[in-house]
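Me: I'd love a close look at one part of this model, the disulfide and what surrounds it. Could you take me through that part and then set it in the whole chain?

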Amino acid sequence: EVQLVESGGGLVQPGGSLRLSCAASGFTFRIYDMTWFRQAPGKGAEWVSGIDQRGGTTYYAPSVKGRFTISRDNAENTLYLQMNDLKPEDTAVYYCARRTGNSWLKYDYRGQGTQVTVSS
């Protein structure tokens with residue numbers, strides 16, 4: 001059974017940092033591209049970032065580029081999202097997902113999410 005479990009969310013002040021983790025199990029993690037999405041209250045899901053199988057190529061939404069860093073540890077079957085200089089508009093539930101098909105916007109499995117709240 002494919003499982004993706006996010007952790008690391010919380011309440012942080014503007015300008016602060018958080019590191020999200022996503023523990024993967026039930027599949028061969030190292031052969032899949034992985035992604036992060038987020039969904040703010042009352043809004044649709046937004047693609048945030050993606051990383052290829054080996055972690056050598058990364059992609060970011062313009063809204064987070066330069067502030068967020070995606071990475072992975074294939075030995076530990078874990079995906080990460082380092083978030084710096086957080087802004088109130090980054091408040092959302094963050095999900096990790098296993099990419100499928102030929103688009104970074106498509107996934108076949110997604111975790112339950114972790115809440116990130118940026119507020120003073």
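Reply: Happy to. Let's start beside the disulfide, with Thr35, which lies in strand S4 (residues 34-39); strands here are DSSP runs of E, at least two residues long, helices are runs of H or I of at least four, and both are numbered from the N terminus. A word on the basis: this is a predicted model, where local features need pLDDT of at least 70, side-chain atom pairs count only at pLDDT 80 or more, and totals for chains, interfaces and linings use all residues. Residues are numbered from 1 along each chain as its sequence is written, and side-chain values use heavy atoms, with hydrogens and water left out.

Thr35 has 0% relative accessibility and so counts as buried (buried is under 20% relative accessible area, exposed is over 50%, and partly exposed is in between, with a 1.4 Å probe and protein chains only). Setting aside residues up to four places away in sequence, Thr35 touches Trp47, Ser49, Gly50, Leu79, Tyr95, Cys96, Ala97, Arg99 and Trp104, where contact means heavy atoms within 4.5 Å. One of those partners, Cys96, brings us to the disulfide.

Searching the whole structure turns up one disulfide, defined as a pair of cysteine sulfur atoms within 2.5 Å. The partners are Cys22 and Cys96, with their sulfur atoms 2.0 Å apart. This pair ties together distant parts of the chain, since Cys22 sits in strand S3 and Cys96 in strand S9 (residues 92-99), 74 residues apart. The torsion about the S-S bond is about 50 degrees, so the disulfide is right-handed. Both Cys22 and Cys96 are buried.

Now for the surroundings of Cys22. Its relative accessibility is 0%, so Cys22 counts as buried. Leaving out residues up to four places away in sequence, Cys22 is in touch with Leu4, Val5, Glu6, Trp36, Asn77, Thr78, Leu79 and Cys96. Leu79 and Cys96 appear among the contacts of Thr35 and among those of Cys22. Tyr95, a contact of Thr35, has its C-alpha atom 8.5 Å from that of Cys22, although the two are 73 residues apart along the chain.

Follow strand S3 (residues 18-25) and you come to Ser25. Here the cover changes: Ser25 is partly exposed, at a relative accessible area of 31%. Apart from neighbours within four places in sequence, its contacts are Glu1, Val2 and Gln3. From Ser25 to Ala61 the C-alpha distance is 26 Å, for a separation of 36 residues in sequence.

Finally, the whole chain. The protein has 11 strands and zero helices. Its radius of gyration is 13 Å, close to the 14 Å that the globule rule gives for 120 residues, so the protein is as compact as a globular protein of that length; the radius is taken over C-alpha atoms, and the rule is 2.2 Å times the number of residues to the power 0.38. Along the principal axes, the C-alpha atoms fill a box of roughly 40 × 25 × 25 Å. Of the 120 residues, 43% count as buried, a group that includes Thr35 and Cys22. Among contacts between residues at least 6 apart in sequence, 54% join residues at least 24 apart.
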